[in-house]
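Reader: I am in my first year and would like a close look at one part of this protein rather than a tour of the whole. Could you take me slowly through a single sheet and its surroundings, explaining each term as you go?

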Amino acid sequence: MMAGTATLNLNLSHFSSSSSSLRKHSSSSPSIFPIRNPPSSNPRFFKIYAVSSNDIKVGTNVEVDGSPWRVLEFLHVKPGKGAAFVRTKLKNYLSGNTVEKTFRAGSSIDEADIVKETKQFTYKDGVQFVFMDLSTYEETRLNESDVGNKTKWLKEGMDCNLLLWNGKVIDVDLPTTVKLKVVDVDPGLKGDTVQGDATFLYC
């Protein structure tokens with residue numbers, strides 16, 4: 001009986017020490033079973049913007065050869081023989097160059113991801129033109145080369161649309177009509193008069 005009791009105590013002690021060792025091993029060593037993370041409830045999808053050549057119109061922004069272009073003119077052509085196509089005239093936002101390009105009817109064209117932000121032209125600081133976001137009061141400074149020949153139409157307090165592509169301002173859209181005061185004119189014919197304000201319309 002004593003031997004049996006001694007044997008039982010020894011076995012329990014061995015079991016206890018083994019369990020303790022197992023617990024220590026488990027806490028310090030990684031699990032041998034792979035842990036799979038649950039799938040994300042908000043997976044991210046990368047959206048690809050595209051437009052059909054049949055939907056092209058004046059003002060459409062497309063991306064061709066890695067550059068943003070604006071459609072200036074378009075014409076749908078359906079010849080008697082052969083496939084229909086769309087003839088376009090495009091202007092490069094970055095270089096200002098214009099080219100004529102033809103697209104097959106119904107073909108898919110990458111749409112330039114151009115963001116439009118409304119900002120107010122506040123003042124000119126040296127050679128820079130300062131535009132402000134009236135909601136955040138954040139300033140955007142553009143050089144004269146960025147604004148181009150539109151600098152002569154800018155007036156302080158004018159709301160403009162800055163066009164951004166890949167985070168960079170590529171163009172400035174001004175209001176369709178600009179009311180300016182005539183301060184100087186070339187001498188005209190006798191009897192010609194200039195007075196009041198003038199309204200300029202530009203494209």
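Author: **A buried lysine and the sheet beside it**

Lys-150 counts as buried because its relative accessibility is 15%, where buried means under 20% relative accessible area, exposed means over 50%, and partly exposed lies in between (1.4 Å probe, protein chains only). Before going further, please note that this is a predicted model, in which local features need pLDDT of at least 70 and side-chain atom pairs count only at pLDDT 80 or more, while totals for chains, interfaces and linings use all residues. Residues are numbered from 1 along each chain as its sequence is written, and side-chain values use heavy atoms, with hydrogens and water left out.

Lys-150 sits in the loop that runs between α2 (144-147) and β10 (158-165); helices (H or I, at least four residues) and strands (E, at least two) are DSSP runs, numbered from the N terminus. When residues up to four places away in sequence are not counted, Lys-150 touches Asp-171, Val-172, Asp-173 and Leu-174, a contact being heavy atoms within 4.5 Å. Asp-171, Val-172 and Asp-173 bring us to strand β11 (residues 168-173). Of the 6 residues of β11, 5 are buried, so this strand is largely enclosed by the rest of the structure.

Strand β11 pairs with β10 in the antiparallel sense over 5 bridges, and two strands are said to pair if DSSP finds at least two bridges between them. Strands of a sheet pair through backbone hydrogen bonds, either parallel or antiparallel. Within this hairpin, Trp-165 stands opposite Lys-168 in β11, and 2 residues lie between the strands, with Asn-166 taking a positive phi near 55°.

The hairpin belongs to an open sheet of 5 strands, arranged in the order β9-β8-β7-β10-β11 with antiparallel pairing. Its edge strands are β9 (139-143) and β11, each of which pairs on one side only. On average, neighbouring strands of this sheet are turned by 45° against each other, direction ignored, where the axes are lines fitted to C-alpha atoms (for helices over the stretch in contact) and angles run from 0 to 180 degrees between N-to-C directions. Towards the β9 edge, strand β8 (residues 128-132) runs antiparallel to β9 and is joined to it by 5 bridges, and the bridge partner of Phe-129 is Leu-142 in β9.

Trp-165 also has a partner from elsewhere in the sequence. Asp-113, in the loop between β6 (108-110) and β7 (114-125), is 52 residues from Trp-165 in sequence, yet 6.4 Å from it in space, C-alpha to C-alpha. With neighbours within four places left aside, Asp-113 is in contact with Tyr-49, Leu-164 and Trp-165, and its 45% relative accessibility makes Asp-113 partly exposed.

Finally, consider the nonpolar side chains. In soluble globular proteins, nonpolar side chains tend to be buried together. A nonpolar core is a set of buried Ala, Val, Leu, Ile, Met, Phe, Trp, Tyr and Cys residues joined through side-chain atoms within 4.5 Å. The largest one here has 14 residues, and those touching the most other members include Phe-131, Leu-142, Leu-154 and Val-172. The elements giving two or more residues to this core are β8, β10 and β11, and β10 provides the largest share, 4 residues. Leu-154, apart from its neighbours within four places in sequence, is in contact with Phe-121, Phe-129, Phe-131, Val-147, Cys-160 and Leu-174. Leu-174 is also among the residues touched by Lys-150, which returns us to the starting point.
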